[in-house]
Amino acid sequence: MRKVPFCLPWIGKEEIEEVAQTLKSGWLTTGPKAKQFEEKLQEYNKIGNAIAVNSCTAALHLSMAVSGIKQGDEVITTPLTFCSTVNAILYQRARPVLADIDERTCNISASEIEKRITGKTKAIIAVHYGGQPCDMKAINEIAKKHNLVVVEDAAHALGAELEGKKAGTLADFGCFSFYPIKNITTAEGGAIVTDNKEAAEKLRPLSYCGINKDAWKRYDAKGSWYYEVAALGFKYNMPDVLASIGLWQIEKLDEFIRARAKIAEQYNKAFAEAEEITTPFVKEKVKHAWHLYPILLDLEKLKINRSRFIGEMNKRGIGCSVHFIPIHMHPYYREELGFKQGQFPKAENVFERIITIPIYPKMSGEDAEYVAENILQIAKENKK
Ligand SMILES: Cc1ncc(COP(=O)(O)O)c(C=O)c1O
């Protein structure tokens with residue numbers, strides 16, 4: 001039986017050689033390779049400042065910290081996201097306020113954001129779900145009206161574009177993830193980008209224990225032993241060993257996205273006539289990064305639910321996932337923030353029906369065909 005895992009990273013010999021060279025150099029942690037990687041991120045995204053960190057979670061937290069988000073503040077975000085988005089708000093002791101999604105794109109709805117604004121609202125975190133940018137024009141307009149900071153959680157969206165501009169550069173701060181299944185990987189890693197020079201000057205020390213100069217240089221022969229801690233910072237820096245992987249991955253990013261788009265196209269065609277399956281909706285003026293390919297099942301037409309459908313896929317050697325279990329359905333957030341079932345009906349409705357299926361550059365056309373054929377077969381066998 002063919003096996004198609006949910007995702008596999010694509011690591012070439014260039015990445016392996018670069019990592020080996022870094023290991024042999026004796027300089028393992030943050031240093032020249034991390035700096036070089038930051039420059040490549042800046043160049044790729046056409047943005048003034050990139051700070052490489054050890055996860056997107058760290059980048060999101062830094063975006064909150066540098067914006068002065070604190071206890072008593074409210075930050076609006078989507079229920080259909082990974083826990084890190086809301087954790088970043090909670091780390092600052094602020095309150096995450098959820099605004100329901102637009103069911104077509106699974107992105108946060110701008111009109112729902114507007115309904116949730118209070119005198120305590122200080123920021124919005126817009127998650128570009130699956131690699132499709134949110135309606136940033138509407139979100140930025142709301143933010144301007146209410147004087148709010150806007151952060152893009154672009155964990156899925158490195159390389160995506162809205163009206164020709166890169167996702168992550170469409171608001172005050174953009175946060176990327178380089179986790180193994182993301183558009184590019186550094187094993188674990190992330191970055192925060194901004195065109196705000198003043199904020200960038202604060203972000204760098206915040207990402208490295210609050211030390212107010214290029215901390216890594218103090219171990220360099222030309223560096224000085226002297227440093228000062230000027231703020232309460234975090235140990236979020238990206239080591240050179242990991243940045244070495246990123247240096248090559250970013251060179252391959254556009255090729256990776258083209259390969260993902262090709263698989264998406266193949267799936268779109270395969271499911272075009274299947275009435276039990278809804279394929280992703282792509283808005284105009286968007287370049288989709290195709291980090292995820294979510295299908296929505298029409299449960300009225302099927303005898304099995306989403307979980308059993310995934311079970312059938314697994315039996316056929318196909319890895320699947322669900323993005324995401326809505327935030328308000330997790331016990332911690334319910335207990336801590338008082339969320340209730342039924343509060344965000346659109347996110348819940350999507351959650352009941354969604355399956356994210358394999359899509360990554362390492363997949364062959366035959367792999368995609370195998371996945372599509374099996375989905376169609378399971379749907380046919382379980383039709384009401
Ligand atoms: C929407 C979203 N935000 C943030 C993160 C956190 O990324 P990282 O694992 O790099 O911290 C993820 C990870 O999957 C994510 O999906």
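Okay, let's start with the pocket: the ligand takes up the space of the largest pocket in this structure. Before I go on, keep in mind that this is a predicted model.

So who is around the ligand? There are 16 residues around it, and the ones that come nearest are Thr57, Asp153, His156, Ser177 and Lys182. If you sort the shell by character, you get six nonpolar residues, eight polar and two charged.

Which helices each supply at least two residues of that shell? Those are H3, running 56–66, and H4, running 83–91. H3 gives the most, with three residues.

Now zoom in on the polar contacts to the ligand. At cysteine 56 we're looking at the backbone: one of its N or O atoms lies 2.9 Å from a ligand oxygen. Right next door in the numbering, threonine 57 uses its side chain, with an N or O atom 2.4 Å from an oxygen of the ligand. Then there's serine 177, where a polar side-chain atom sits 2.7 Å from a ligand oxygen. As for how covered the ligand is, on its own it would expose 390 Å², and the protein buries 92% of that.

Okay, leaving the ligand, let's talk rings. Searching the whole structure turns up ten aromatic pairs. The one I'd like to show you is tyrosine 129 with phenylalanine 324: edge-to-face, 6.2 Å centre to centre, with 80 degrees between the planes. This pair links distant parts of the chain, 195 residues apart. Tyrosine 129 is in the loop between strand S4 (121–127) and helix H6 (136–146), while phenylalanine 324 is in the loop between helix H9 (306–315) and helix H10 (331–337).

Stay on phenylalanine 324 for a second. What kind of peptide bond joins histidine 323 to phenylalanine 324? A cis one, with omega at about 5 degrees. As a reminder, most peptide bonds are trans, and most residues other than glycine have a negative phi.

That second point brings me to my last stop, arginine 93. Its phi is near 65 degrees, so to speak on the positive side, in a residue other than glycine. You'll find arginine 93 in the loop between H4 and strand S3 (95–98). And H4, remember, is one of the helices that supply at least two residues of the shell around the ligand.

Technical notes
Residues are numbered from 1 along each chain as its sequence is written. This is a predicted model: local features need pLDDT of at least 70, side-chain atom pairs count only at pLDDT 80 or more; totals for chains, interfaces and linings use all residues. Side-chain values use heavy atoms; hydrogens and water are left out. A residue is near a molecule or strand if one of its heavy atoms lies within 4 Å of it. A polar contact is a pair of N or O atoms within 3.5 Å; within protein, one must be able to donate a hydrogen and the other to accept it, and residues adjacent in sequence count only if both atoms are side-chain atoms. Accessible areas come from the Shrake-Rupley method with a 1.4 Å probe; for residues, only the protein chains shown count as cover. On a 1 Å grid over the protein atoms alone, a cavity is a set of points where a 1.4 Å probe fits but cannot get out, and a pocket is an open set with protein on both sides within 12 Å along at least five of seven lines; lining residues have an atom within 4 Å of a point. A molecule sits in a cavity or pocket if more than half of its atoms lie within 2 Å of its grid points. Helices (H or I, at least four residues) and strands (E, at least two) are DSSP runs, numbered from the N terminus. Ala, Val, Leu, Ile, Met, Phe, Trp, Tyr, Cys and Pro count as nonpolar, Asp, Glu, Lys and Arg as charged, and the others, Gly among them, as polar. Rings of Phe, Tyr and Trp (its six-membered ring) pair if their centres lie within 6.5 Å; planes under 30 degrees apart count as stacked, over 60 as edge-to-face and the rest as tilted.
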